[in-house]
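Got your viewer open? Here is a short walk through the model, one selection at a time.

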There are 2 protein chains.
Amino acid sequence: MDERNDLMCEEPGTHGDVLERVRNDMPDDDTLYELADLFKMFGDSTRMKIMFVLMESEMCVCDIAELLGISQSAISHQLRILKQSKLISSRREGKNIICFLADDHVKSIIAQGLSHVLE
Amino acid sequence: MDERNDLMCEEPGTHGDVLERVRNDMPDDDTLYELADLFKMFGDSTRMKIMFVLMESEMCVCDIAELLGISQSAISHQLRILKQSKLISSRREGKNIICFLADDHVKSIIAQGLSHVLE
DNA sequence: AGAACACATGAACACTTGTTCATATGAAAG
DNA sequence: CTTTCATATGAACAAGTGTTCATGTGTTCT
């Protein structure tokens, strides 16, 4: 019952406990795709920069673009994607659209990533 | 000194405090790219599945492939990438290559992502 | 040595992704 | 109402990504 895991190869059916645990803990396919799509958001340096900026302060679109030295169009396209993933929200204020982080998980996810990267 | 943030638009130089904080807290470009590359690993459902499996138990390549119903070649290509990112390590055991998570951050990163996805 | 199994790898291909460029929408000021 | 500033959006294109297929490498067994 606490035996070492035998390999499945060439001897199927000999370690049902692992198989069962995996099947129980693996999220369903929809959740898995959502999860992957979420992490894709953090997988582009432009979007990472945007989120880093918004961790400091909410900010309008043109300020983000100017601060990062990236074209307004590129920023706008990325903001659209980030909003679809519910990571960023925005409100209008006169001529400007003010963007801000919509989820506390953003900071903790980035923090975990950073501690891996920084060894 | 605790004033509301003015917008940068059309009035540059009026909110140096935010600018300065952003410049201080933004990682250098190399770190940013590493960070984005790290999260790219979590941005593919095949790699997510592999990591979910390895969260339960170390396992040889062919078992991972069989368990997930994905071709051995596809798994092997993805494992190569995951190893380059130092997320997975492996050792040889006879004919088999046993893979296992190489970093504790994997679990916590995935956990943070899941709690976002599951609302 | 040869056969069989486990895994790795390279090329090719379809598919996705991010940017640029041009243009459209929307609010505010003259 | 026209202009101007702020932002959004669509098309097009280059670059990146993941899979398959075929084949190569390494290990064990007879």
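## First stop: the sheet in chain A

Pick out Arg91(A) to begin: its bridge partner in β3(A) is Ile98(A). Keep in mind while you click around that this is a predicted model.

Next, select residues 88-93 and 96-101 of chain A. These are strands β2 and β3, and they pair in the antiparallel sense over six bridges. Another pair to show as sticks is Ser89(A), which stands opposite Phe100(A) in β3(A). Now slide along to the turn. The hairpin of β2(A) and β3(A) has two residues between the strands, and Gly94(A) takes a positive phi near 65° there.

Bring in the rest of the sheet. What is the order of the three strands in chain A? It runs β1-β3-β2, as an open sheet with antiparallel pairing. The edge strands are β1 (59-60) and β2 of chain A, each of which pairs on one side only.

With the sheet still displayed, add helix α3 of chain A, residues 45-56. This helix packs on the sheet and touches β1, β2 and β3 of chain A, with its direction at about 90° to that of β3(A). Then add helix α5 of chain A, residues 72-84, which also packs on the sheet. Helix α5 of chain A touches β2 and β3 of chain A, and its direction makes about 120° with that of β2(A).

## Zoom out: all of chain A

Switch to a cartoon of chain A. You should find six helices and three strands, and going along the sequence they follow the pattern α-α-α-β-α-α-β-β-α. Colour by burial and 29% of the 119 residues in chain A come up as buried. If you like contact maps, take the contacts in chain A with a separation of 6 or more: residues 24 or more positions apart account for 45% of them.

## Met41(A)

Centre on Met41(A), in helix α2 (residues 29-41) of chain A. Is Met41(A) buried or exposed? It counts as buried because 23 other C-beta atoms lie within 10 Å, and the cut-off is 20 or more. Setting aside neighbours within four places in sequence, Met41(A) is in contact with Arg47(A), Leu82(A), Ser85(A) and Leu87(A). For a distance to draw, try Met41(A) to Glu93(A): the two are 52 residues apart along the chain, and their C-alpha atoms are separated by 26 Å.

## Across to chain B

Select Phe39(A) and Phe39(B) together. Of the 52 residues in the largest nonpolar core, these two touch the most other members. Beyond its neighbours within four places in sequence, Phe39(A) is in contact with Phe39(B), Phe42(B), Gly43(B) and Gly113(B).

Now show the whole contact between the chains, which takes 44 residues from chain B and 45 residues from chain A. On the side of chain B that touches chain A, the elements giving two or more residues are α1 (16-25), α2 (29-41), α3, α4 (61-68) and α6 (105-117) of chain B. The residues on that side divide into 22 nonpolar, twelve polar and ten charged.

## Last stop: two helices in chain B

Hide chain A and select helix α3 (residues 45-56) and helix α5 (residues 72-84) of chain B. Their axes come within 10 Å and cross at roughly 80°, which means α3(B) is roughly perpendicular to α5(B). Show side chains for Thr46(B), Arg47(B) and Ile50(B) of α3(B), then for Ala74(B), Ile75(B), Gln78(B) and Leu82(B) of α5(B): these residues make the contact. By class, the contact of α3(B) with α5(B) has four nonpolar, two polar and one charged residues.

Definitions and conventions:
Residues numbered from 1 in each chain as written. Chains lettered and ligands numbered in written order. Predicted model: local features only at pLDDT ≥ 70, side-chain atom pairs only at ≥ 80, totals over all residues. Axes fitted to C-alpha atoms, helices over the stretch in contact; angles between N-to-C directions. Helix = DSSP H or I, 4+ residues; strand = E, 2+ residues; numbered from the N terminus. Parallel < 35°, antiparallel > 145°, perpendicular 65-115°, else oblique. Contact = placed C-beta atoms within 7 Å. Nonpolar A, V, L, I, M, F, W, Y, C, P; charged D, E, K, R; others polar. Pairing = 2+ DSSP bridges. Buried ≥ 20, exposed ≤ 12 C-beta atoms within 10 Å, placed from the backbone. Core = buried A, V, L, I, M, F, W, Y, C linked by C-beta atoms within 7 Å.
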